[in-house]
Amino acid sequence: MNDPEFDEHWMGRALELAYAAATADEVPVGAVILNEKRQVIAAAHNQRQQLHDPTAHAEMIAITQAAEAIGDWRLEGCTLYVTLEPCPMCAGAILQARVPRVVYGADDPKAGAVRSLYELLSDDRLNHQCAVTSGVLSSRCSGALTDFFAAKRAMGKK
């Protein structure tokens, strides 16, 4: 499925979740998972601060929600939309869940495990690979992060 308007629509929804994360003083990353019928089965944003959990990335929470929604750990036929390139932990979870397609917004030059630092989702040494569409609404996705961290620096916080 290569439908740029469709991808932009769902990345927009992931961005809404990212903005909600920022409002909650979380790093603004949002994720949405659609099933094969193009229905939302999961939607989440980062909750590391709220849950005091280093694994509470948007993708991890959304994968857990999606698995619960369909009653299976295999998310075959699903598409994950996320505003930031997944990190190694999230890329590993994506592979373990057998997600066939990932669409992301902003590259992550410090921790990206899809294209920036590593290419885990396309590594043919692993038993699963994902189709990847990158750069969807990238300037809006990266802008949410830039604005969040600029505000943090202005307040003297990291």
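Strand 3 and strand 4 pair side by side in the parallel sense, joined by 5 bridges. They belong to an open sheet of 5 strands, and this briefing walks you through that sheet and the helices packed on it. Keep in mind as you look that this is a predicted model.

**The sheet**

- The 5 strands line up in the order 2-1-3-4-5, and their pairing is mixed.
- Which strands sit at the edges? Strand 2 and strand 5 do, since each of them pairs on one side only.
- Neighbouring strands in this sheet are turned against each other by 15° on average, with direction ignored.
- You can see the mixed pairing around strand 3: strand 1 and strand 3 run antiparallel, with 4 bridges between them, while strand 3 and strand 4 are parallel.
- As a reminder, strands of a sheet pair through backbone hydrogen bonds, either parallel or antiparallel.
- Try finding Y81 in strand 3, which has V32 opposite.
- Y81 also stands opposite V103 in strand 4.
- How many residues of strand 4 are buried? The count is 6 of the 6, so strand 4 is largely enclosed by the rest of the structure.

**Helix 1**

- Helix 1 covers residues 4-23, which is 20 residues.
- From its first C-alpha to its last, helix 1 reaches 28 Å, close to the 28 Å expected at 1.5 Å a residue.
- Buried residues in helix 1 include F6, D7, W10, M11 and G12. Further along, A14, L15, L17, A18 and A21 are buried as well.
- What covers these buried residues? The cover includes strand 1 (30-34), strand 2 (40-45), strand 3 (79-84), strand 4 (101-106) and strand 5 (131-133), together with helix 5 (138-154).

**Helices on the sheet, and a helix pair**

- Back at the sheet, V32 and Y81 face each other across strand 1 and strand 3. Helix 1 packs on this sheet, touching strand 1, strand 2, strand 3, strand 4 and strand 5. The direction of helix 1 makes about 140° with that of strand 1.
- Helix 3 (residues 58-70) packs on the sheet too, where it touches strand 1, strand 2 and strand 3. Its direction makes about 155° with that of strand 2.
- The axes of helix 1 and helix 5 come within 10 Å and cross at roughly 5°. Angles under 35 degrees count as roughly parallel, and helix 1 and helix 5 are therefore roughly parallel to each other.
- Where these two helices meet, helix 1 brings M11, L15, Y19 and A22, and helix 5 brings R140, C141, A144 and F148.
- The residues of this contact divide into 7 nonpolar, no polar and 1 charged.

**Two loop residues to look up**

- D25 comes just after helix 1, in the loop between helix 1 and strand 1.
- D25 has a positive phi of about 65°, although it is not a glycine.
- Is D25 buried, partly exposed or exposed? Its relative accessibility is 39%, so D25 counts as partly exposed.
- H52 lies in the loop between helix 2 (48-51) and helix 3.
- H52 is also a residue other than glycine with a positive phi, here near 55°.
- With a relative accessibility of 72%, H52 counts as exposed.

Definitions and conventions. Residues numbered from 1 in each chain as written. Predicted model: local features only at pLDDT ≥ 70, side-chain atom pairs only at ≥ 80, totals over all residues. Heavy atoms only, no water. Expected span 1.5 Å × (residues − 1). Buried < 20%, exposed > 50% of the residue type's maximum accessible area, 1.4 Å probe, protein only. Contact = heavy atoms within 4.5 Å. Pairing = 2+ DSSP bridges. Axes fitted to C-alpha atoms, helices over the stretch in contact; angles between N-to-C directions. Parallel < 35°, antiparallel > 145°, perpendicular 65-115°, else oblique. Nonpolar A, V, L, I, M, F, W, Y, C, P; charged D, E, K, R; others polar.
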